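User: I have a model open and would like to understand the labels attached to it. Could you walk me through the reasoning behind them?

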Amino acid sequence: MTKHKKVRFGIIGSAGLIGNYHAGTLTKGEGPYELTALCDIDAARLAEQSNKLGVPAHADYRELLGRDDLDAVIVATPHPLHADHVIAVVESGRDVLSEKPIAHTPGDARRMLKAINRTRRIAGVHYQHRANPVYRKIKEMITSGELGRLLSIRFTGSWYKSDFYYSLGGWRGTWADEGGGTLINQAPHDIDILCYLAAEDMPAELIGRCSNLYHATSQVEDHATAAGVFPNGVEFAMNVSVAAHGDLPTFNIFGTAGMITTVAGKFAKYIRYEQDLIEFCREYDGPNPYQGPKYEQQPLPVVGEHDPTEVHKCFAQAVLTRKKSKLLVSAKEGRWSSETINAIILSSYLGKKVKLPLSPARYDKMLAELIATARPVERGQRDSQRGMEAKW
Ligand SMILES: NC(=O)c1ccc[n+]([C@@H]2O[C@H](COP(=O)([O-])OP(=O)(O)OC[C@H]3O[C@@H](n4cnc5c(N)ncnc54)[C@H](O)[C@@H]3O)[C@@H](O)[C@H]2O)c1
């Protein structure tokens with residue numbers, strides 16, 4: 001247990017979009033934590049942030065890690081940097097909360113998890129949708145058997161982005177600096193929820209198709225589709241996009257006793273069948289060949305408010321008590337979604353089904369080829385976050 005009642009945090013990548021959100025969260029005084037130090041390579045934005053918050057700033061993360069008043073560090077840099085930064089943090093003897101996804105390749109994810117195990121540090125991932133009581137309630141309904149046998153989960157989601165979005169961020173939308181498109185940037189939260197609800201695991205195998213439908217300022221997929229199966233037999237299908245527009249992220253969760261629809265993280269529909277689907281399938285003997293069991297819509301389950309800062313609060317409790325079980329999402333669990341993302345990209349590249357876990361060497365070979373053959377795109381200098389701040 002740390003000597004302090006509050007966890008003393010540093011942030012690497014503090015002056016970025018999500019880094020700023022973390023800095024704001026840690027300085028609101030709502031949890032057992034405080035913000036001790038900032039770090040970013042963008043000198044101008046770092047100085048502005050440091051002045052505003054009155055918190056010391058470092059241009060180099062090694063300098064930040066040299067401080068003697070830090071218990072834990074949030075890594076909020078672009079995903080291809082997560083592994084190196086997380087490893088440096090745990091090797092300095094600090095606990096770590098990584099941004100999502102934990103890594104952009106299977107090799108980096110494994111390297112990171114090995115270092116976490118070796119150093120025996122507390123390591124969490126900022127998957128704040130897991131704090132959503134709707135998903136928790138669904139998990140409870142699956143675990144308790146209320147939904148019968150879980151058959152399949154379908155997810156669709158679009159987060160439209162213009163060429164302007166990609167032109168703002170130097171690292172976004174390139175194979176070399178981001179390592180993927182909508183799968184690795186917008187979809188990880190929902191892929192994490194999919195893995196959590198379906199099996200608390202990554203899929204056993206899947207087939208994926210990724211396309212860039214029309215984005216001129218991005219080299220990576222703006223539209224992706226995948227289908228597969230988890231080790232426990234639960235099937236899934238998903239379609240994610242920054243090219244399509246107008247829908248809301250939707251889950252359909254099918255059990256043999258009922259089905260649930262969520263839209264934008266809220267309950268939208270809950271149906272219960274009068275008879276279990278498998279029982280009905282075996283027992284019904286006509287006369288209508290199209291007949292299914294009768295069903296009725298149930299009242300939507302009541303849940304509480306979503307507090308996204310529960311990730312920080314649970315992480316701080318884990319650090320203070322030295323109990324990994326207090327984490328909302330561990331780094332180990334973060335691998336379910338990152339490897340799923342990697343598998344969809346690899347499957348699309350190979351044009352065939354892939355089994356998980358993947359071969360890190362095969363993935364690295366593919367990524368090197370994608371980087372080498374990527375078409376040039378016009379990138380703006382990363383001198384503006386116009387249009388992005390609204391999100392946070
Ligand atoms: N959990 C969420 O909801 C959520 C939301 C947005 C972003 N993210 C994740 O957070 C990460 C950052 O995304 P963003 O949108 O904030 O990007 P961003 O570009 O706005 O911020 C990244 C910051 O990292 C800094 N940086 C880069 N290299 C650095 C280094 N070597 N040392 C110190 N600082 C460095 C940059 O200067 C920048 O300020 C991504 O992995 C993204 O997926 C998560």
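User: What makes domain 1 and domain 2 count as being in contact?

Analyst: Happy to help, and please keep in mind that this is a predicted model. Two residues are in contact if their C-beta atoms lie within 7 Å. By that criterion, 20 residues of domain 1 are in contact with 21 residues of domain 2. On the domain 1 side, α5 and α11 each supply at least two of the touching residues, and the largest share, four residues, comes from α5. By class, that side has 12 nonpolar, five polar and three charged residues.

User: Where do the bounds of domain 1 and domain 2 fall, and how many Å separate their centres?

Analyst: The domain assignment gives domain 1 as 7-128 + 308-330 and domain 2 as 130-304 + 338-373. Taken over C-alpha atoms, their centres are 28 Å apart.

User: Why is Arg120 called exposed?

Analyst: A residue is exposed if 12 or fewer other C-beta atoms lie within 10 Å of its own. Arg120 has 10 such neighbours, so the exposed label applies. Arg120 sits in the loop between α5 and β6 (123-125).

User: How do you know which label fits Arg322, buried or exposed?

Analyst: Here the count is 12 other C-beta atoms within 10 Å. Since the exposed class takes 12 or fewer, Arg322 is exposed. Arg322 belongs to the loop between α11 and α12 (331-350).

User: What is there to say about phi in Arg120 and Arg322?

Analyst: Most residues other than glycine have a negative phi. Arg120, however, has a positive phi near 55°, and Arg322 has a positive phi near 60°.

User: Which peptide bond before Pro101 is called cis, and which one before Pro287?

Analyst: As background, most peptide bonds are trans. The bond from Lys100 to Pro101 is cis, with omega near -15°, and Pro101 lies in the loop between β5 (95-98) and α5 (106-119). The bond joining Gly286 and Pro287 is also cis, with omega about 15°; Pro287 is in the loop between α10 (277-283) and β14 (295-297).

User: Why are the buried residues of α1 said to line one face of the helix?

Analyst: The buried residues of α1 are Gly19, Asn20, His22, Ala23 and Leu26. Looking down the axis of α1, these buried residues fall within an arc of 160°, so they line one face. They pack against β1 (7-12), β2 (33-39), α2 (43-53), β4 (72-75) and α11 (310-321).

User: What does α1 contribute to the shell around the ligand?

Analyst: Helix α1 (residues 17-26) gives the largest share of that shell, three residues. Of the 23 residues around the ligand, Gly13, Gly16, Leu17, Ile18 and Glu99 come nearest. The shell divides into 10 nonpolar, nine polar and four charged residues.

User: What makes β3 and β6 edge strands?

Analyst: Six strands form an open sheet with parallel pairing, in the order β3-β2-β1-β4-β5-β6. β3 (57-58) and β6 each pair on one side only, and that is what the edge label rests on.

User: How do you know that β2 and β3 pair?

Analyst: Two strands pair if there are at least two bridges between them. β2 and β3 are joined by two bridges and run parallel, with Leu38 opposite Ala57 in β3. β1 and β4 pair in the parallel sense over four bridges, and Phe9 stands opposite Ala72 in β4. β4 and β5 likewise pair in the parallel sense over four bridges, with Val75 opposite Ser98 in β5.

User: Which way do the residues of β4 point?

Analyst: In a regular strand the side chains alternate between the two faces of the sheet. In β4, Ala72 and Ile74 point one way and Val73 and Val75 the other, and all are buried.

User: Why are β14 and β15 placed at the edges of their sheet?

Analyst: That open sheet has nine strands in the order β14-β13-β12-β11-β7-β10-β9-β8-β15, with mixed pairing. β14 and β15 (354-355) each have a single partner strand, so one side of each lacks a neighbour in the sheet. Within this sheet, β7 (residues 150-158) and β11 (residues 250-255) pair in the antiparallel sense over six bridges, where Thr156 has Thr250 in β11 as its bridge partner.

Notes: Residues are numbered from 1 along each chain as its sequence is written. This is a predicted model: local features need pLDDT of at least 70, side-chain atom pairs count only at pLDDT 80 or more; totals for chains, interfaces and linings use all residues. A residue is near a molecule or strand if its C-beta atom, placed from the backbone, lies within 6 Å of it. Ala, Val, Leu, Ile, Met, Phe, Trp, Tyr, Cys and Pro count as nonpolar, Asp, Glu, Lys and Arg as charged, and the others, Gly among them, as polar. A residue is buried if 20 or more other C-beta atoms lie within 10 Å of its own, exposed if 12 or fewer, and partly exposed in between; C-beta atoms are placed from the backbone. The arc is that of the directions from the helix axis to the C-beta atoms. Domain bounds come from an automatic or database domain assignment.
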